[in-house]
Amino acid sequence: MATQLESDDQTSEDAFRTEVRQFLATNFPDELRCTGNMLAGLDGPTDENPVQKKWREAVGGRGWGTPTWPKEYGGGGLTKGQTRIIEHEFAKVGAYNPIGGMGVMMFGPTLLEYGDERQKLEHIPPICRGEIRWCQGYSEPNAGSDLANLQTFAADKGDHYLVNGQKTWTSGGQWADKCFAIVRTDRSDKHKGISFMLIDMDAPGVEVRPITMISGTSPFCETFFTDVKVPKENLVGKEGQGWTIGKRLLQHERTNISGGGRLAGMMGQSLGDIAKKYCETGGDGALVNKVLRDKIADLEIRWNSFLLTARRAVEESKAQGGVSEISSVLKKVGTKLAQDRSELLIEIRGFQGLGWEGDEFGDDELEDVRGWLFGKAATIYGGSTEVQNNIIAKRVLGMLDHQ
Amino acid sequence: MAVLSEEQEMLRNMARDWATKESPVAEFRKVRAAGQPQAYNAYAYAAMAEMGWAGIIIPEAHGGSDFGFLSAGLVVEELGKTLTASPLVATTIAASAILLGGSDEQKAKWLPRLASGETVATLAVEEGTHCDTSAIETSVSGGKLTGKKAFVHEAHGASLFVVAAKDGLYLVEKGDGVSLTTRKLTDQRSHADIQFAGAAAEKLEGGGDSLLGDVLDRARVLSAAEMLGMAQAVFDTTLDYLKQRVQFNQVLATFQALQHRMADLFADLTQMRSAVEAGLQAVDSGFGVARAATIAKAEANRVLHAISNQGIQLHGGIGMTDEFNVGFYLKRARVLEASWGSSSYLKDRFARLSGY
């Protein structure tokens, strides 16, 4: 019996693989091969060309950019096995997933869990099609690590809320269509006075100001709300449930910051190979500077065990059907290693690794300098390293609250 | 923890149960007090062999269970947690050498004896104070092996040695031409320098040029598994202690400085477990073994070093006493860190394997 089932599974998997291959042959244009960005829509403005748009529509139309999400809301409705087939077949021909951004990584999974039917039908399909870009209204000037201290207030006006206050570090706020925000609906209770609501970024009273960072770029914004009307149907869950929903969303965020794709991509080239271009090597091809060589090996060994840890977290989550406790260390470890790597890259390249602009510097050199600077944010946002340590100590290790 | 099969879970649970009940650290204290050079309880090793643990990597045809290195590592990890003194790791390493390089006759002769626990075997490679396979002087002429091996693990209990000579690995039985000088190290386990003076030796002809390196990689992942168990035990014990000890009218576990240090160590331990399990799995799959084993042992060295030091520091004064177990882990830790490649050796090897 088991054998029969297995062979049925095999047959359907083979059929699905064929379907994916045919889809790629028909829809994936050669000129996009090995281009694109899994996170399209998070870090920059939309300037899609018609070919990219067509590819996004093809993938989004099938729900294959969000393969495991339910079909009734525009997702693929696929199994994990089928999802792996999609990933594998896409990777084989150098095709990227054009559906991404905060809607996919954070907001969508949270709304699927806490949203009502009407909200899911309204908001999930455009995310699956890559049409609507979401930003996150969480941090405030006085609510960073102490996020629950947020003061942006939504006053109950009968059929709507009137929202006043300021959010900050709004990633991609200047390009977003909508914002999922946690706001205060009750000043008498720090945690239970928070609600989760959805705000249109083009609503009257919303003002977005990009913040220039030490890296020279402006991926974050300040967002001001002045008497912004938010219809009651944009409340997710119940009033006062925002802290619970908001924290759930942060779990998705952490998994994405550390989890893998993004950092793994950054760490593409071996530091040793880069060092061999900038530093003296001996007859055997080894770096002559043994101290530097040791530093590189040390970092790469730790980086390798981080990748193994990320993989283990995924395997354990699948096997246990829940988030593995080791996922709590991924953000902390991954961001630290990425910062260490950026610093080491500067040591390897010397002054050539500190260029701000100019044709004398390679694109990779300039990008890495900006990445080094911007990377300092990684141990601050999404719950700083110190907050992560508190979480590990209390939730995982069961150490008592110090407060 | 890697995702395990049902058999592997049973094996691990059995090992955990046995180590906790039959072989707590108190048993190691007894071994130490007895002062015998072989430094393990022969009855305990017989019981372990009886449960099939000495044959985990040995094929069924030769009396083993053929469960592989990840399974062997699970058992070794549990034994490491309680500092169980036994020649299990040494014998498993020696078995791997015979499996990789032995003839059918050699396998048929030795593997069943190793699996049953009847014969204890060990690997003898180093001739100096550090892991250095390029400095091997031991040579063989007319089937007679001559040379000096240093700091051989489990040398006293072993009756079979897998010896690295200039031109390959040889099997040498304890007997004529083999003399031991005991070297007492901090871990109070069995170590000896061995003088081979024309001892009868039989070459392991198979396995190719990389045989010694391949065996050392297996030694690295198995030792790393023992170290993983030790690191986990020190971490758990220290965490328990912090939750009990009161100073300034406060349980130590409520101090944020200590919470964050434990969070750092937890992250390190998580990294170590991933690396060690991946090393064991690499041996089972045969893919990327050298690299994975180097990463596994390098991470085991780094993390156990840190945790064994912090274990003492966080226990405070009582951590310095012989009455508390945490010091035993520190002393065993450094011996294993030095075995089959120190941290600097492994980083150098990683760089070489990576082409820089």
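In this predicted model, the C-alpha centres of domain 1 and domain 2 of chain A are 33 Å apart. Those two domains have a companion, since chain A is divided into three named stretches, domain 1, domain 2 and domain 3. The table shows where to find each of them along the chain.

| Domain of chain A | Residues |
|---|---|
| domain 1 | 2–100 |
| domain 2 | 134–245 |
| domain 3 | 259–396 |

Now let us look at where the chains meet. On one side, 28 residues of chain B take part, and they are in contact with 38 residues of chain A. Which elements of chain B give two or more residues to this side? They are α8 (256–285), α9 (289–315) and α11 (343–353) of chain B. The largest share comes from α8(B), with 12 residues. Sorted by class, the side of chain B that touches chain A has 17 nonpolar, nine polar and two charged residues.

Chain B also offers a helix pair to explore. Two packed helices are described by the angle between their axes and the distance between the axes. For helix α7 (residues 211–244) and helix α10 (residues 326–338) of chain B, the axes come within 10 Å and cross at roughly 155°. Angles over 145 degrees count as roughly antiparallel, so α7(B) is roughly antiparallel to α10(B). Their crossing is left-handed. Among the residues making the contact are B:Met227, B:Met230 and B:Val234 of α7(B), along with B:Tyr329, B:Ala333 and B:Leu336 of α10(B). By class, the contact of α7(B) with α10(B) has eight nonpolar, two polar and two charged residues.

Notes
Residues are numbered from 1 along each chain as its sequence is written. Chains are lettered from A and ligands numbered from 1 in the order in which they are written. This is a predicted model: local features need pLDDT of at least 70, side-chain atom pairs count only at pLDDT 80 or more; totals for chains, interfaces and linings use all residues. Two residues are in contact if their C-beta atoms, placed from the backbone, lie within 7 Å. Helices (H or I, at least four residues) and strands (E, at least two) are DSSP runs, numbered from the N terminus. Ala, Val, Leu, Ile, Met, Phe, Trp, Tyr, Cys and Pro count as nonpolar, Asp, Glu, Lys and Arg as charged, and the others, Gly among them, as polar. Domain bounds come from an automatic or database domain assignment. Axes are lines fitted to C-alpha atoms, for helices over the stretch in contact, and angles run from 0 to 180 degrees between N-to-C directions. Angles under 35 degrees count as roughly parallel, over 145 as roughly antiparallel, 65 to 115 as roughly perpendicular and the rest as oblique. A crossing is left-handed if the near helix is turned anticlockwise from the far one by less than a right angle, and right-handed if clockwise.
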